[in-house]
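Student: I am new to this structure and would like a close look at just one part of it. Could you pick a single piece and walk me through its surroundings?

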Amino acid sequence: MKITERQQQSGLCTAPCNGAPPNDAPPSKAPIKVGIMPMFSTWVARCEHGPTHLNDALEQLAHELMQDERNASRRTNCGGWHYAFDFFKLQEPVVEEFRADMEDHVQAFLNHFRPEVRKKRDRFRLEGWVNVNRAGDHNLLHCHPGCFLSATYYVKVPPGMSGGDIVFRDPRGPVVAMYETPGIELPWVGSGTGIPFTPATGHLLLFPSWLEHRVEPFEGSGERISIAFNVCNP
């Protein structure tokens with residue numbers, strides 16, 4: 001087949017321009033390199049060495065508060081005991097020491113995302129409450145409006161406890177149900193059940209207040225005592 005010079009220049013050449021027979025073998029392709037750029041990460045801080053030297057006094061204070069039925073409230077808790085007021089307004093030395101320690105953890109979380117020259121001491125306040133759960137108690141899915149960070153410190157976790165995880169739900173809303181891809185695994189979809197954290201005595205979790213979470217029931221004897229708090233504008 002004769003190919004004119006005009007066809008070669010216009011890109012309309014449908015056969016090898018040197019007149020050689022076409023080659024049916026597919027051309028070799030270089031492997032595709034995928035460049036992944038993670039976006040919209042959700043940061044959760046976990047400290048495994050909280051102020052355990054305060055745990056005995058905090059547990060005793062929780063039991064004293066439970067003696068007055070007016071101190072109990074029902075929020076997201078199904079069963080269990082929830083302190084009705086702001087824990088940090090109690091005039092107790094252990095509360096003051098615990099508050100100072102938690103403020104240091106919050107400040108470390110905030111400064112983690114800043115370059116060295118911009119690290120500082122921020123102004124904020126804490127609002128907290130006590131949770132006491134026993135076997136079968138749990139907390140419904142919820143978030144914490146009106147603040148920018150939330151946290152849970154585990155004063156006491158029963159030995160041998162089974163279950164009782166705090167579970168964070170995928171913050172991308174309906175994305176977990178928007179795809180039907182039989183036989184194709186999409187790593188950004190997940191199972192929709194959330195990411196669990198197993199509590200332990202002395203552990204502290206800090207997370208954005210808009211991140212929805214729930215607490216699973218546990219099996220075992222004894223109490224699980226935690227102090228949860230929100231970080232708010234002063």
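Tutor: Let us take helix 3 and follow its surroundings outward, into the sheet and the core. Please keep in mind that this is a predicted model.

Start with the helix itself. Helix 3 covers residues 93–112, which makes 20 residues. From its first C-alpha to its last it reaches 29 Å, close to the 28 Å expected at 1.5 Å a residue. Its buried residues are Val94, Val95, Phe98, Arg99, Met102, Val106, Gln107, Phe109, Leu110 and Asn111. What covers them? Among the covering elements are helix 2 (55–66) and several strands, including strand 1 (45–47), strand 5 (125–133), strand 7 (149–156), strand 11 (204–208) and strand 14 (224–232).

Those strands belong to an open sheet of seven, in the order 1-11-7-14-5-4-2, with antiparallel pairing. Strand 1 and strand 2 (72–73) stand at the edges with a single partner strand each, so one side of each has no neighbour in the sheet.

Now look at strand 5 inside that sheet. Strand 5 and strand 14 pair in the antiparallel sense over nine bridges. You can find Val132 opposite Ile225 in strand 14, and Arg125 opposite Cys232, also in strand 14. Strand 4 (81–83) pairs with strand 5 as well, in the antiparallel sense and over two bridges; here Trp81 stands opposite Val132. Strand 5 is mostly covered, with seven of its nine residues buried.

How do the helices lie on this sheet? Helix 2 lies across strand 4, strand 5, strand 7 and strand 14, and runs at about 95° to strand 7. Helix 3 packs on the sheet too, touching strand 1, strand 5, strand 7, strand 11 and strand 14, and its direction makes about 50° with that of strand 11.

This brings us to the largest nonpolar core, which has 33 residues. Leu58, Phe87, Phe98, Val106, Val130 and Phe229 have the most contacts inside it. At least two residues of this core come from each of helix 2, strand 4, helix 3, strand 5, strand 7, strand 11 and strand 14. Our helix 3 gives the most, with seven residues. To see one meeting point, select Phe87: leaving out residues up to four places away in sequence, it touches Leu58, Leu61, Val95, Phe98, Gly128, Trp129, Val130 and Ile227. Apart from this core lies another, of 11 residues, among them Tyr154, Phe168, Leu205 and Phe218.

Two more residues round off the tour of the sheet. Ser150 is found in strand 7. Is Ser150 buried or exposed? Its relative accessible area is 0%, so Ser150 counts as buried. The side chain of Ser150 makes a polar contact of 2.9 Å with that of Ser209, and another of 2.8 Å with the side chain of Asn230. Setting aside residues up to four places away in sequence, Ser150 touches His144, Leu205, Leu206, Phe207, Ser209, Phe229 and Asn230.

Asn233 sits in the segment after strand 14. With 56% relative accessibility, Asn233 counts as exposed. Not counting residues up to four places away in sequence, Asn233 touches Arg125 and Phe148. Asn233 and Leu126 are 107 residues apart in sequence, and their C-alpha atoms are 8.8 Å apart in space.

How values were computed
Residues numbered from 1 in each chain as written. Predicted model: local features only at pLDDT ≥ 70, side-chain atom pairs only at ≥ 80, totals over all residues. Heavy atoms only, no water. Helix = DSSP H or I, 4+ residues; strand = E, 2+ residues; numbered from the N terminus. Expected span 1.5 Å × (residues − 1). Buried < 20%, exposed > 50% of the residue type's maximum accessible area, 1.4 Å probe, protein only. Contact = heavy atoms within 4.5 Å. Pairing = 2+ DSSP bridges. Axes fitted to C-alpha atoms, helices over the stretch in contact; angles between N-to-C directions. Core = buried A, V, L, I, M, F, W, Y, C linked by side-chain atoms within 4.5 Å. Polar contact = N/O pair within 3.5 Å; in protein donor to acceptor, adjacent residues only side chain to side chain.
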